[in-house]
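Please work through the exercises below with the sequence and coordinates at hand. Each task is followed by a worked solution.

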Amino acid sequence: MNSIKTDIWYNLAYQNETLHVGGSVNDALQIHDYLASYEGKVTAKITGLTASSATIIAMGAKEVLMSENSLFLIHPVWTPMTSGNQYDLEKEAESLKQIDELLINIYKKKTKRAASTIKKLMAEERWMDAEEALRLGFIDKTYIPSKNIINKVILNKIDEDNLPALPDN
C-alpha cells in the first residue's frame, strides 16, 4: 500500500488522477477512503474504459470529470472462488452481498440515487457513456480532451524534481 500511497500523493499534487479499468476491490476501498479524507481538492479525470474498482476510486474525489470519449461500468463484485461445498459457496455469496452493499452505499452517496436504482444498474453490467454517467450523477462534468491533458497524462510531462513532500501517515 505504501507505493500506492506514493503514487496517489504524486497524482494529488498535480490534481491528475487518471482512472482506468479496475482491480482489487480492497485496494479500491482503501484508495477511495484515502482520497475522500484528503483535505485538499481531489479531481478525478476519467479517461478510456473505467470500470469496476476504478469507479470506486473516482467516487472518493471531490469532483469527477469524464472525457466525452470514455465509458464507465459498475457491476456486482465477483470472486475467483469456484470450488468448495455448498456451505463454502453460500458463505462466499454472503460475503459478496456484503461487499456489494458497501459499493452501493458509495455510489448512492455520490449520485443521490436510491439503493435499488444503484443495485439495478450494477446488475445490468452495462457500459455508460459520459452523458449517461453525468445524468445519473456518477460524474460532475464531462470534458473534451485537450493537448494539455495528453502532454501531462500520456507523455508524463510532470516536473518530478518539484513534488511536494509525502504526508507522514
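The exercises treat a sheet, a helix, two loop residues and a cavity.

The model is predicted: local features need pLDDT of at least 70, side-chain atom pairs count only at pLDDT 80 or more, and totals for chains, interfaces and linings use all residues. Residues are numbered from 1 along each chain as its sequence is written, and side-chain values use heavy atoms, with hydrogens and water left out.

**Exercise 1.** Determine which strands stand at the edges of the open sheet of three strands.

*Solution.* Strands are DSSP runs of E with at least two residues, and helices are runs of H or I with at least four, numbered from the N terminus. Two strands pair if DSSP finds at least two bridges between them. The strand order is 3-5-6, with mixed pairing. Strand 3 (49–51) and strand 6 (128–129) each have a single partner strand, so both are edge strands with one side lacking a neighbour in the sheet. Strand 3 runs parallel to strand 5 (residues 71–73), and three bridges join them; L49, for instance, has L71 as its bridge partner.

**Exercise 2.** Compare the span of helix 2 with its expected value, then describe its N-terminal end and its buried residues.

*Solution.* The expected span is 1.5 Å times one less than the number of residues. Helix 2 (residues 25–37) has 13 residues and should therefore span 18 Å, in agreement with the 18 Å between its end C-alpha atoms. At the N-terminal end, S24 acts as a cap, with a side-chain oxygen 3.3 Å from the backbone nitrogen of N26 (a polar contact is a pair of N or O atoms within 3.5 Å, one able to donate a hydrogen and the other to accept it; residues adjacent in sequence count only if both atoms are side-chain atoms). The buried residues (under 20% relative accessible area, 1.4 Å probe, protein chains only) are A28, L29, I31, H32, Y34 and L35.

**Exercise 3.** Locate S52 and K112, and state the exposure of each.

*Solution.* Most residues other than glycine have a negative phi. S52, however, has a positive phi of about 55°, and K112 one of about 65°. S52 lies in the loop between strand 3 and helix 3 (53–59), whereas K112 lies between helix 4 (86–111) and helix 5 (115–124). Exposed means over 50%, and partly exposed lies between that and the buried limit. S52, at 21%, is partly exposed; K112, at 70%, is exposed.

**Exercise 4.** Which residues line the largest cavity?

*Solution.* The lining consists of L73, I74, L121, E124, R126 and M128.

Definitions and conventions: 1 Å grid on protein atoms, 1.4 Å probe; cavity = no way out; pocket = protein on both sides within 12 Å on 5 of 7 lines; lining within 4 Å.
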